[in-house]
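Colleague: Could you take a close look at the lining of the largest cavity in this predicted model, and then set that part beside the other spaces and contacts that you consider worth describing?

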Amino acid sequence: MSIYSSVASNTMPNRVLPVLGCLALALVWLLDLGVIQPNRIVPGTGHGLISAVGGPWAGLVSLVLAGCVLLSFLPLRRRYLPLLGLVGLSLALLPLLLEVFAGRHLPEDAPYARSSIGAGFWCLLFLLSLMLIEILGRLGSGRGLQLMILAVIVGSWLWILRGGGLESLSLVREFNARPDKFEQALWTHLALAFGAVGISAGLAFLLALKMIRSVAWRRPILGAVSFLQTIPSLAVFGLLIAPLSALAAAFPALQAMGIRGIGWAPALLALVAYSLLPMVRNTFVALTEVPESLADAGRGMGMNERQLFFKLKLPLALPVIVEGVRITTIQAIGLTAVAALIGAGGFGSFIFQGLGQAAMDLVLLGALPTIALALLADALLTMLAASLKPTPATA
Amino acid sequence: MIELKNVTRRFGDAVAVDRINLTVETGEVCVLVGSSGCGKSTTLRMINQLLPHSEGQILVDGNDVTAMNPEQLRLNMGYVIQGTGLFPHWTVARNIAMVPQLLKWPRERIDERVHELLTLLDLDQATHANKYPQQLSGGQAQRVGVARALAANPNILLMDEPFGALDAITRENLQLEMLRIQSQLRKTTVFVTHDIDEALRLATRIAVMDQGRIIQHDTPENILRRPASVFVENLVGKQDRGLKLMSLHTVRDLMEAPPQPREPEPGADGLKEDDSLRVALSIMLWQNWSQVPVFNADGQETGTITRDRIIQEGA
């Protein structure tokens with residue numbers, strides 16, 4: 001980020017924002033902004049920008065995007081602040097477009113009719129987000145500002161959602177049809193993903209310690225966890241069904257714990273197996289890359305091996321270890337969606353149900369929260385890793 | 001006092017240190033000098049048992065080091081290494097406080113000691129105490145390294161090429177600093193270097209090592225005047241031996257002092273009592289002076305020195 005925030009580059013014309021802005025302008029006019037479906041299954045009719053929200057709103061959208069493009073061309077030193085306001089406000093108020101769209105087009109006498117989000121809207125959302133990221137980068141903003149803007153945008157979305165104008169949105173309908181299941185899926189998803197990450201973190205730590213203590217174990221352990229990673233995830237889920245069923249049949253105690261060939265047990269096992277490689281590798285590399293001269297100095301000053309580990313090696317390795325946890329967590333959140341195939345629950349169950357029923361908005365109801373969880377975990381763990389970096393950059 | 005008796009260290013079949021005998025008296029600076037791979041660092045690291053010796057006996061103040069707990073042994077020995085070995089995630093103050101913390105000193109005593117050491121090593125408390133090692137220059141970092149080694153007031157100081165990675169000017173400053181500190185603290189010091197000038201400057205006695213053996217163990221003056229072998233003769237340099245001898249003595253040794261020091265005439269040029277004869281001669285040749293007044297640290301004129309006398313008696 002620092003190379004973007006240098007003072008000299010601030011007055012240079014920005015090349016990224018005009019491209020993104022023009023692209024957004026083109027796509028929002030070319031693609032359908034929204035779709036009206038007579039019922040859940042039948043394909044709907046798409047509406048372009050003008051048809052969807054009418055002239056004044058279409059004009060406003062075009063004006064805002066054109067304004068962003070123009071502003072980014074100006075060689076002003078302080079242009080990124082108004083740009084930030086413009087793009088941030090647009091993002092925060094974006095759902096209003098859907099509300100206007102539904103209000104204009106939804107027939108009042110058709111209770112099964114629903115509106116869904118069109119490609120144009122998705123593109124607009126995506127490109128505006130990219131513009132926001134670019135602007136925040138140029139401003140060299142701190143974590144605090146970034147979090148605040150994110151909170152404002154999400155808060156505004158929730159507020160618009162509360163207002164009830166989006167009731168007809170099929171995504172909202174799919175949610176309203178199963179709020180309990182959604183909440184349950186959320187907790188199952190979190191429990192599976194974070195349970196797997198927690199278990200594999202502990203396991204990986206022990207394995208990495210074993211690898212450090214004895215050179216003979218290095219190749220076998222790394223080989224084994226790499227091998228686990230190479231098996232296709234679906235195959236692991238499938239392969240675990242038979243042995244776990246057999247185990248559960250042989251030991252009633254296991255069955256009482258809920259361990260069966262399908263469900264959370266094989267899912268958790270597979271997720272742990274997948275999480276091991278990045279965890280073991282990062283932990284091992286982080287701990288072994290602590291310079292020997294530092295360990296030598298510590299030892300020479302009278303530290304014992306235990307003190308060396310806790311006062312020197314672990315603190316220096318921690319940011320890299322957390323980086324491993326971050327990669328693993330994102331991967332596990334995604335894989336947990338697949339684990340729904342063997343009955344583990346979580347957001348994946350909506351995705352597979354939706355695919356089965358050809359109801360794309362049900363798929364979205366599973367996919368969007370999965371993506372949001374992954375992004376959130378990514379942001380939080382990146383922050384954690386940054387705060388653990390104990391030293392400032394070299395002065 | 002440190003005594004090495006018939007100490008041998010093998011790595012596999014290779015003999016790194018071969019039956020050496022060495023005694024370092026209390027308060028003296030013993031410099032181990034030799035080319036790389038001669039076994040000088042190995043010797044140093046055997047004293048604090050970072051490397052166990054294969055044969056022989058190492059005594060510290062009469063006690064066999066193998067009979068002691070190695071951590072306990074090292075806590076009583078300051079240790080300074082070439083790359084400083086400062087912990088990058090600790091501030092300067094915390095790095096210096098390392099050994100006192102391991103020894104579980106009370107907080108206030110540690111703070112007081114850190115302050116004392118920063119002052120001793122000419123580091124400013126306000127600007128340096130809360131910096132991280134990467135924010136320091138090489139010379140400052142090594143000062144902190146020395147401060148860390150002195151923190152718990154150990155009797156013994158082990159220094160493994162501490163100034164080797166520094167530029168010539170910084171190295172010379174730190175050498176002078178070390179002489180000053182040593183004159184105050186009188187630690188029993190074992191100092192490893194490959195730089196013969198550094199050895200001549202700092203040592204009470206020099207042990208010249210080659211291929212795992214000690215070739216000669218003597219005072220700098222004797223090493224220069226009576227090298228025990230061709231190897232030592234080459235090491236100290238045949239041609240500028242005279243000048244090197246001059247650098248072992250100070251102006252104070254050869255100046256003619258009047259009974260009373262007096263205030264100098266304003267603006268008068270001269271030498272300091274602590275300047276080496278080599279520096280004195282160099283200045284006098286350059287300025288074409290045949291005699292120069294000498295000043296003490298307070299700026300009083302305490303005598304004069306003549307070029308003829310330096311040439312006759314200096315080396």
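Modeller: In this predicted model, the residues that line the largest cavity are V146(B), L150(B), L157(B), M159(B), M178(B), I181(B), Q182(B), L185(B) and K187(B). The volume of this cavity is about 80 Å³. Three elements of chain B, namely α7 (138-150), β7 (156-160) and α8 (168-185), each contribute at least two residues to the lining, and the largest share, four residues, is that of α8(B). Sorted by class, the lining consists of seven nonpolar residues, one polar residue and one charged residue.

The count of cavities of 30 Å³ or more comes to two, and the second largest has a volume of about 30 Å³. Its lining draws on both chains, with M301(A) from chain A and, from chain B, R74(B), L75(B), M77(B), G78(B), V99(B), R148(B), A149(B), A151(B), A152(B) and P154(B). Here the elements that give two or more residues are α2 (70-75), β6 (77-81) and α7 of chain B. Helix α7 of chain B is thus named for the largest cavity as well as for the second largest one. By class, the second largest cavity is lined by eight nonpolar, one polar and two charged residues.

Helix α8(B), which supplies four residues to the lining of the largest cavity, also gives the largest share of the lining of the second largest pocket, in this case nine residues. That pocket has a volume of about 1400 Å³, and of the 40 residues that line it, L176(B), L179(B), R201(B), S247(B) and D274(B) are the closest to its centre. Besides α8, the elements of chain B that each supply at least two residues to this pocket are α9 (196-202), α12 (241-247), α13 (251-254) and α14 (277-287). The class make-up of the pocket lining is twelve nonpolar, eleven polar and 17 charged residues.

From the spaces I turn to side-chain contacts in chain B. Strand β8 (residues 188-193) of chain B contains T193(B), a residue that is buried, with a relative accessible area of 2%. The side chain of T193(B) reaches the backbone nitrogen of D195(B) at a distance of 2.9 Å.

Side chains of opposite charge can pair when their charged atoms come close. Over all chains, the structure holds 26 salt bridges, and one of them in chain B joins the side chains of D18(B) and R213(B), with 3.0 Å from N to O. Because D18(B) lies in strand β2 (residues 14-24) of chain B and R213(B) in strand β10 (residues 213-218) of chain B, this pair ties together parts that are 195 residues apart in sequence. The two partners can also be described by their accessibility: D18(B) is buried at a relative accessible area of 17%, whereas R213(B), at 42%, counts as partly exposed. Elsewhere, salt bridges that share partners join R114(A), E174(A) and R178(A) into one network.

Within that network, the side chains of R178(A) and E174(A) meet at 3.0 Å, N to O, and R178(A) and E174(A) are both buried. Another salt bridge of chain A is formed by the side chains of R299(A) and E292(A), at 3.6 Å from N to O. In this pair E292(A) is exposed, with a relative accessible area of 54%.

As for the wider setting in chain A, this chain has 17 helices and three strands, and its C-alpha atoms fill a box of roughly 75 × 65 × 30 Å along the principal axes. Of the 395 residues in chain A, 44% are buried. One of its helices, α4 (residues 80-93), has 14 residues and reaches 20 Å from its first C-alpha to its last, which is close to the 20 Å expected at 1.5 Å a residue. The buried residues in α4(A) include Y80(A), L83(A), L84(A) and V87(A), and G88(A), S90(A), L91(A) and A92(A) are buried there as well.

To return to the part you asked about, the lining of the largest cavity comes with seven nonpolar residues, and α8(B) provides four of the lining residues.

Key. Residues numbered from 1 in each chain as written. Chains lettered and ligands numbered in written order. Predicted model: local features only at pLDDT ≥ 70, side-chain atom pairs only at ≥ 80, totals over all residues. Heavy atoms only, no water. 1 Å grid on protein atoms, 1.4 Å probe; cavity = no way out; pocket = protein on both sides within 12 Å on 5 of 7 lines; lining within 4 Å. Points joined across faces, edges and corners; volume = space filled by probe spheres on them. Nonpolar A, V, L, I, M, F, W, Y, C, P; charged D, E, K, R; others polar. Salt bridge = Lys/Arg side-chain N within 4 Å of Asp/Glu carboxyl O. Buried < 20%, exposed > 50% of the residue type's maximum accessible area, 1.4 Å probe, protein only. Expected span 1.5 Å × (residues − 1). Polar contact = N/O pair within 3.5 Å; in protein donor to acceptor, adjacent residues only side chain to side chain.
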